[in-house]
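Reader: I would like a close look at one part of this model, taken residue by residue where that helps, and then set against the chain as a whole. Please keep the account connected, so that each detail can be followed in the structure itself.

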Amino acid sequence: MPIYEYYCANCRKEFEVMRPFRESDAPGKCPTCGAEVAKVPSVFASNEGYSVKVPHGPAFRGNKS
Ligand SMILES: [Zn+2]
């Protein structure tokens with residue numbers, strides 16, 4: 001089952017919801033404030049199982065100052 005990412009603008013928090021593919025367009029519910037929020041576009045959107053993620057971290061920073 002794919003995991004979908006959501007972002008709550010109220011809490012400024014991201015959270016993940018695991019749900020069936022057929023419910024992929026349904027809004028997510030923020031676990032903190034209960035607001036319904038839109039899905040964050042992700043690599044999971046079009047192809048289940050294609051799970052390449054862009055790494056976050058020091059290696060990804062281009063500029064050294
Ligand atoms: Zn919230």
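Reader: Is Glu-36 buried or exposed, and which residues does Glu-36 touch beyond those up to four places away in sequence?

Author: In this predicted model, Glu-36 is exposed, because 11 other C-beta atoms lie within 10 Å of its own, and a residue counts as exposed when that number is 12 or fewer. Glu-36 belongs to strand E4, which covers residues 36-37. Leaving aside residues up to four places away in sequence, Glu-36 touches Pro-27 and Lys-29. Its C-alpha atom is separated by 9.8 Å from that of Tyr-7, a residue 29 positions apart from Glu-36 along the chain.

Tyr-7 leads to another part of the chain, since strand E1 spans residues 3-8. Strand E1 pairs with E2 in the antiparallel sense, and the pairing runs over six bridges. Two facing pairs can be picked out along this ladder: Tyr-6 stands opposite Phe-15 in E2, while Glu-5 has Glu-16 as its bridge partner in E2. In a regular strand, side chains alternate between the two faces of the sheet. The two strands E1 and E2 form a hairpin with four residues between them, and in that turn Arg-12 has a positive phi of about 55°.

The hairpin is part of an open sheet of three strands, arranged in the order E2-E1-E5 with antiparallel pairing. Strand E2 (13-18) and strand E5 (39-40) stand at the edges, and each has a single partner strand, so one side of each is left without a neighbour in the sheet. For E2 there is a further point about exposure: of its six residues the number buried is zero, so E2 lies largely in the open.

Seen over the whole chain, there are five strands and zero helices, and the pattern read along the sequence is β-β-β-β-β. Buried residues make up 8% of the 65 residues. Among contacts with a separation of 6 or more, 34% are accounted for by residues 24 or more positions apart.

Notes
Residues numbered from 1 in each chain as written. Predicted model: local features only at pLDDT ≥ 70, side-chain atom pairs only at ≥ 80, totals over all residues. Buried ≥ 20, exposed ≤ 12 C-beta atoms within 10 Å, placed from the backbone. Contact = placed C-beta atoms within 7 Å. Pairing = 2+ DSSP bridges.
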